[in-house]
Amino acid sequence: MLAEERRKKILEELEKVSIIKALTLAEKYDVGIETIRRDFDALEKKGILKKIYGGATLVARDEIKNLDYNTRAASEIPEKIEIAKKAVNFISENDTIFLNDSSTNVYLAKEIKNKIKNITVVTNSLTIAHELSDMLNYNIVLAGGFLDTREKAFFGTISERIISQVNVKKAILSVSNIALNEGVTDFPLKEVEIQKAMIKYSKEVIILANSQKFETSSLIKVTDLENIKAIITDSKINKKIQDEYKKIGIVIY
């Protein structure tokens with residue numbers, strides 16, 4: 001088993017239990033305890049877990065994401081509005097789209113209401129579904145599952161199964177990290193699984209990311225840059241970064 005795969009499985013276990021022992025993992029994966037300690041070191045450097053005596057514990061979700069949904073929604077509003085106003089131009093009448101849960105996509109939903117008369121939107125975000133719920137000509141599919149009350153969004157197998165039942169034209173995903181070498185990455189696992197499902201069942205992928213998220217990375221891979229049709233960001237993006245992405249055929253709008 002490759003180190004990356006083993007570390008992903010360690011995180012999956014830590015999302016189920018609060019503390020896990022290094023010896024237990026070493027026996028389970030048939031590796032030396034020093035290998036598990038190196039896994040812990042790598043994950044701790046990412047800010048995902050904390051080492052404790054004999055084992056490790058998962059960093060609290062609010063520490064990982066730094067800010068809960070309500071706080072994030074109130075931050076960097078001008079940048080989010082700018083991104084949303086650009087992104088709506090990539091949407092056409094009668095489109096079918098995925099929108100993952102994010103405060104940026106909430107602003108995009110507001111722009112969609114102002115410019116698009118007919119559309120089908122599939123989302124795991126309770127906030128986005130509510131935002132669009134007064135549009136009589138819209139088809140809204142809520143990928144309901146287990147509700148994360150902090151994030152106001154649904155996750156898990158049920159949500160992923162609903163997403164798998166539809167084939168849409170565009171997946172418009174707001175993500176936490178994007179880099180030339182690592183591609184699109186994010187955390188925690190349950191959010192990544194939703195993003196991956198939306199990518200799998202769409203024909204085009206459009207990424208939304210504010211300028212501070214470029215050339216940063218997280219633990220879990222969402223997709224490679226070659227799978228992305230367009231990246232939309234705010235006007236604070238470094239021109240050097242734009243040029244580097246353009247060299248590999250990716251235009252940052």
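Is Asp30 buried or exposed? The model is predicted, and in it Asp30 has 71% relative accessibility. The cut-off for exposed is over 50%, so Asp30 counts as exposed. Asp30 sits in the loop between helix 2 and helix 3. Its phi is near 55 degrees, a positive value in a residue other than glycine.

Asn94 is a second case. Its phi is near 65 degrees, again positive in a residue other than glycine. Asn94 belongs to the loop between helix 6 (77–87) and strand 4. With a relative accessible area of 59%, Asn94 is exposed. Most residues other than glycine have a negative phi, and most peptide bonds are trans. The backbone also holds a cis peptide bond, from Phe187 to Pro188, with omega near 5 degrees. Pro188 is in the loop between strand 11 and helix 10.

Turn now to the sheets. One is an open sheet of 6 strands, with parallel pairing. Its strand order is 6-5-4-9-12-14. Strand 6 (138–142) and strand 14 (230–232) stand at the edges. Each has a single partner strand, so one side of each is left without a neighbour in the sheet. From one strand to the next, the twist averages 20 degrees.

Inside this sheet, strand 9 and strand 12 run parallel and are joined by 6 bridges. Ser174 stands opposite Leu208 in strand 12. Helix 10 packs on the sheet. The helix touches strand 4 (95–99), strand 5 (119–123), strand 9 and strand 12. Its direction makes about 155 degrees with that of strand 9.

At the edge, look at Ala230, which lies in strand 14. What is its burial state? Ala230 has 1% relative accessibility and so counts as buried. Leaving aside neighbours within four places in sequence, Ala230 is in contact with Phe90, Val205, Ile206, Ile207, Val251 and Tyr253. Ala230 and Glu204 are 26 residues apart in sequence. In space, C-alpha to C-alpha, Ala230 and Glu204 are 8.9 Å apart.

Another open sheet has 3 strands, in the order 10-11-13, with antiparallel pairing. Strand 10 (177–179) and strand 13 are the edge strands, each pairing on one side only. Direction ignored, neighbouring strands of this sheet are turned by 35 degrees against each other on average.

A hairpin through 3 residues joins strand 10 to strand 11. These two strands run antiparallel, joined by 3 bridges. Asn177 has Thr185 as its bridge partner in strand 11. Strand 11 (residues 183–186) also has 3 bridges to strand 13, and this pair runs antiparallel. Val184 has Thr223 as its bridge partner in strand 13. Asp186 stands opposite Ile220 in strand 13. Helix 10 appears here too: it lies across strand 11 and strand 13, running at about 20 degrees to strand 13.

Next comes the interior. In soluble globular proteins, nonpolar side chains tend to be buried together. The largest nonpolar core has 46 residues. Phe40, Ile178, Val184, Ile207, Phe214, Ile231 and Tyr245 touch the most other members. Several elements each supply at least two residues, including helix 1 (3–14), helix 2 (22–29), helix 3 (33–45) and strand 8 (153–155). Strand 9 (168–174), helix 10 (189–200), strand 12 (202–208) and strand 13 (220–223) also each supply at least two. Helix 10 gives the most, with 6 residues. Apart from this core lies another, of 22 residues, among them Ala84, Ile119, Tyr138 and Ile172.

Which residues are in contact with Tyr245, leaving aside its neighbours within four places in sequence? They are Ile178, Ala179, Leu180, Phe214, Glu215, Leu225, Ile231, Ile250 and Ile252.

Last, a helix pair. The axes of helix 1 and helix 3 come within 10 Å and cross at roughly 75 degrees. The two helices are therefore roughly perpendicular to each other. Helix 1 makes the contact through Arg6, Arg7, Ile10 and Leu11. Helix 3 contributes Thr35, Ile36, Arg38, Asp39, Phe40, Ala42 and Leu43. By class, this contact has 6 nonpolar, 1 polar and 4 charged residues. Phe40 in this contact is also among the residues that touch the most other members of the largest nonpolar core.

Methods: Residues numbered from 1 in each chain as written. Predicted model: local features only at pLDDT ≥ 70, side-chain atom pairs only at ≥ 80, totals over all residues. Heavy atoms only, no water. Core = buried A, V, L, I, M, F, W, Y, C linked by side-chain atoms within 4.5 Å. Buried < 20%, exposed > 50% of the residue type's maximum accessible area, 1.4 Å probe, protein only. Helix = DSSP H or I, 4+ residues; strand = E, 2+ residues; numbered from the N terminus. Contact = heavy atoms within 4.5 Å. Pairing = 2+ DSSP bridges. Axes fitted to C-alpha atoms, helices over the stretch in contact; angles between N-to-C directions. Parallel < 35°, antiparallel > 145°, perpendicular 65-115°, else oblique. Nonpolar A, V, L, I, M, F, W, Y, C, P; charged D, E, K, R; others polar.
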